[in-house]
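Student: I have a model open and want to learn how to read it. Where do we start?

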Amino acid sequence: MNDDDERFMRRALELAENGRYTTSPNPMVGCVLVRDGAIVGEGFHQRAGEPHAEIEALRACSDPRGTTAYVSLEPCAHHGRTGPCADALIEAGVARVVVAMSDPHALVNGRGIEKLRAAGIDVTTGVLEAEARRLNEKFVWSATHQLPFVLLKAAMTLDGKLATIARESQWITSVEAREESLKLREEFDAILAGGGTVAADNPRLTRRLGLSPTPWTRVVLDADRMVPPHAQLLIDGGSTIHYTDRIDLATVLADLHARGIQSVLVEGGAIVHSEFIRHGLWQKMVLFVAPMIVGGGDAPSIFSGDAVARLTDAYRFRFDRAEFVGSDLMITAYPV
């Protein structure tokens, strides 16, 4: 590995990012073809069912023979809706392939790299692997654990309240924060809320920004059967899964994965967030924190129910980054 490998792989990752809202259930992938230190072709996977990044890059190159291909994810070696990209690279006469990370999907999982090496192609792996894994964290988790990737999202005050004691929550955060929050809906396969939240707010849980053409599903956890039959998300014709049985969250997640859902955005309310945190069934958290304090012991908060008595029993996580969005603070965190 050399500095050029990192430079061109970074470009492949930049290209892959263009598919953030359009590739699900496929991963985001970028590919760059290089000859003598210059890019001669590049492409990215634009949408599930359409050509993969390697094919797009090969099409953009007048003569790929002898080039080095930088790919942010291991080229596939199987026939799906498109042909094997490993075969395409071999047939095109590519001399070297640099791969950021192997593909954890059971249909690939090293087979693409093996096929390339068997054809005499020099293969380098692990270039900017951490960045590549972060880019496709939802796909990687789902393929590895056979469960959907769960992101907890909440808008709250500085004292952790999701609403006032009178259950007023519109609007805690700024317009800019709400816009950023809506972007998250565009990239997740499902949006989940508790029955109490749906009964109280009658939300539609829709995508509104037009960034993603892929379908999504609303999920309602309603063991107490609080959601009325005329709730908007039950009658608007959209896809909704309404769980009315008292089943544990792990079973719900397994069922969602069996239905083809790779990622779930949990929007609340307080009880649902608390249960995901209590059982450790989340992979990422995004909190929009407003510069206000509302107080109230009975006001809904990000975590409710039984408290821990000792700090050693606290539910811990790791702050990954924090940034200002409008007048609010957006905090991204992961489990420890």
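Tutor: Start with Ser274, which sits in helix α11. Keep in mind that this is a predicted model.

Student: Is Ser274 buried or exposed?

Tutor: Buried. Its relative accessible area is 1%, and the cut-off for buried is under 20%.

Student: Which residues does Ser274 touch, beyond those up to four places away in sequence?

Tutor: Ile302, Phe303 and Ser304. With Ser304 there is a polar link too: the Ser274 side chain reaches the Ser304 backbone nitrogen at 2.7 Å.

Student: How do I read the helix as a whole?

Tutor: Begin with the general idea. An α-helix has 3.6 residues a turn, so residues three or four places apart point the same way. Now the case here. Helix α11 covers residues 270-278, and its buried residues are Ala270, Val272, His273, Ser274, Phe276 and Ile277.

Student: What do the buried residues of α11 pack against?

Tutor: Helix α10 (249-258) and four strands: β6 (149-157), β7 (190-194), β10 (263-266) and β11 (284-290). Just after α11 comes Gly280, with a positive phi of about 65 degrees.

Student: And strands?

Tutor: The general idea again: in a regular strand, side chains alternate between the two faces of the sheet. For a case, take β1 (residues 30-35) and β2 (residues 38-44). They run antiparallel and are joined by six bridges. In one of these pairings, Leu33 has Gly41 in β2 as its bridge partner.

Student: How many residues lie between β1 and β2?

Tutor: Two, and the strands form a hairpin. In the turn, Asp36 has a positive phi of about 50 degrees.

How values were computed. Residues are numbered from 1 along each chain as its sequence is written. This is a predicted model: local features need pLDDT of at least 70, side-chain atom pairs count only at pLDDT 80 or more; totals for chains, interfaces and linings use all residues. Side-chain values use heavy atoms; hydrogens and water are left out. Buried means under 20% relative accessible area, exposed over 50%, partly exposed in between (1.4 Å probe, protein chains only). Contact means heavy atoms within 4.5 Å. Two strands pair if DSSP finds at least two bridges between them. A polar contact is a pair of N or O atoms within 3.5 Å; within protein, one must be able to donate a hydrogen and the other to accept it, and residues adjacent in sequence count only if both atoms are side-chain atoms.
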